[in-house]
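User: Please take a close look at one part of this model, the open sheet and the helices that pack on it. I would like one connected account rather than a list.

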Amino acid sequence: LEVVKKQLDMNATKGGLVIFTANSNPSSRELGKRIAEYVVIAVAQFTYLKTRVQIQESVRGKDVFIIQTVSKDVNTTIMELLIMVYACRTSCAQNIIGVIPYFPYSKQCKMRKRGSIVSKLLASMMCKAGLTHLITMDLHQKEIQGFFNIPVDNLRASPFLLQYIQEEIPDYRNAVIVAKSPSSAKRAQSFAERLRLGIAVIHGEAQDAESDLVDGRHSPPTVKNVAAIHPSLEIPLLIPKEKPPITVVGDVGGRIAIIVDDIIDDVDSFLAAAETLKERGAYKIFVMATHGILSSDAPRLIEESAIDEVVVTNTIPHEIQKLQCSKIKTVDISMILSEAIRRIHNGESMSYLFRNIGMDD
């Protein structure tokens, strides 16, 4: 593994700073290099062989920052991170700070039927391994911070995406910020208020009369079986949800539509939203997201779709996807990560990185 290291002018009790980049994919090393460009760098070595980690220089009493971006093999990525953290802990590092721009399994943060809250399990594993601080970006739900018993800095990529809109979309004043579902309306509202633009929300799903008959939506209701509980008890059943036909709340006719979200992975919902916006008169469609997972055949679908451009940050490696689709653009967020590392190491306040960010953002 490659190591990025900087010795800062600090007292003897504080120790130095060491940055390790994980080996799960080349993008971890690339992101580490970008972060290190903002500080003076020296290069050392870190050996990695299967599940064995050995640090080839002393980290005793130092602040160790481990940069890990999520690769396609997410479970290997996680295991590699845990072993690296534990290796630094047993080597007497003073502080072990994980720099994980995209927190894996973040969508599994709520209890499902006969399921589990995987992001809480992952948080417990990281803390148990020896992590003392976490730097991440745009958690799927900010409540995930409560799964950790260590400090968590949930940085925001929105300043970089907003800057891209202002600098790379010449007529962005004629744009409208779009939430592809009511669940992402809060994020869209945040973008719209900062850019002084209007907002539109897409609600519902495509209706097909034939499929409605097939899936049994209009069949007679089933008889409630209450005998399994107790003959004298009758617990009312919750009426199942049924989405209405697609509606767009807000005017997008003759406007640029900018769809915002935190993660873009399965692109079907984005493609459906783009088609709806085209039908409503939008003449350009952009998609802005922090984490561009873009798995499976997402690049091909985007290339053939009505979407004009997909803008994501480099929290997740997507170089292969960019080769498959010319519409994917990348915004570099290494600057804010390097500043977070510098401030944590120097014991400075992190509030500067969260300026103008409200409780609802």
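Analyst: In this predicted model, β9 and β10 run parallel and are joined by 4 bridges. Within this pairing, I177 stands opposite I199 of β10. The connection between the two strands passes through a helix: β9, α5 and β10 form a β-α-β unit that is right-handed.

On its other pairing, β9 is joined to β12, again by 4 bridges and again in parallel. Here V178 has I259 of β12 opposite. The side chains of β9 alternate: A175, I177 and A179 point one way, V176 and V178 point the other way, and all are buried. Because 5 of the 5 residues of β9 are buried, the strand is largely enclosed by the rest of the structure.

These pairings belong to an open sheet of 7 strands with the order β11-β10-β9-β12-β13-β14-β15 and mixed pairing. The edges are β11 (residues 247-249) and β15, each of which pairs on one side only. Ignoring direction, neighbouring strands in the sheet are turned by 25° against each other on average.

Next along the order come β12 and β13, which run parallel and are joined by 8 bridges. One residue pair there is I264 with G292, its bridge partner in β13. Helix α4 packs on the sheet, where it touches β12, β13, β14 and β15, and its direction makes about 155° with that of β13.

Helix α4 covers residues 158-168, and its buried residues are S158, F160, L161, L162, Y164 and I165. These buried residues pack against four strands, β12 (256-264), β13 (284-292), β14 (309-313) and β15 (328-331), and against two helices, α5 (185-195) and α10 (334-346).

A further helix on the sheet is α7, residues 268-279, which lies across β9 (175-179), β10 (198-203), β11, β12 and β13. Helix α7 runs at about 170° to β12. Strands β12 and β13 are thus touched by α4 and also crossed by α7.

Helix α10, one of the packing partners of α4, has S334, I336, L337, S338, A340, I341, R343, I344 and H345 as its buried residues. Its length can be checked: at 1.5 Å a residue, the 13 residues should span 18 Å, and the end C-alpha atoms are 18 Å apart, so the two agree. Just after α10, G347 has a positive phi of about 70°.

One residue from an earlier part of the chain can be added. V70 sits in the loop between β5 (63-67) and α2 (74-90). With a relative accessible area of 9%, V70 falls under the 20% limit and is therefore buried. Its C-alpha atom is 9.2 Å from that of I293, although V70 and I293 are 223 residues apart along the chain.

As to confidence, the protein chain averages a pLDDT of 84, and 82% of the residues score at least 70. Residues 1-14 have pLDDT below 50, and this stretch has 48 contacts in the model beyond near neighbours in sequence. Residues 40-45 also stay under 50, with 14 contacts beyond four places in sequence.

Methods:
Residues are numbered from 1 along each chain as its sequence is written. This is a predicted model: local features need pLDDT of at least 70, side-chain atom pairs count only at pLDDT 80 or more; totals for chains, interfaces and linings use all residues. Side-chain values use heavy atoms; hydrogens and water are left out. Buried means under 20% relative accessible area, exposed over 50%, partly exposed in between (1.4 Å probe, protein chains only). Contact means heavy atoms within 4.5 Å. Two strands pair if DSSP finds at least two bridges between them. Axes are lines fitted to C-alpha atoms, for helices over the stretch in contact, and angles run from 0 to 180 degrees between N-to-C directions. A crossover is right-handed if, with the strands pointing away from the viewer, the path from the first strand over the helix to the second runs clockwise. pLDDT is the predictor's confidence in each residue, from 0 to 100. The expected span of a helix is 1.5 Å times one less than its number of residues.
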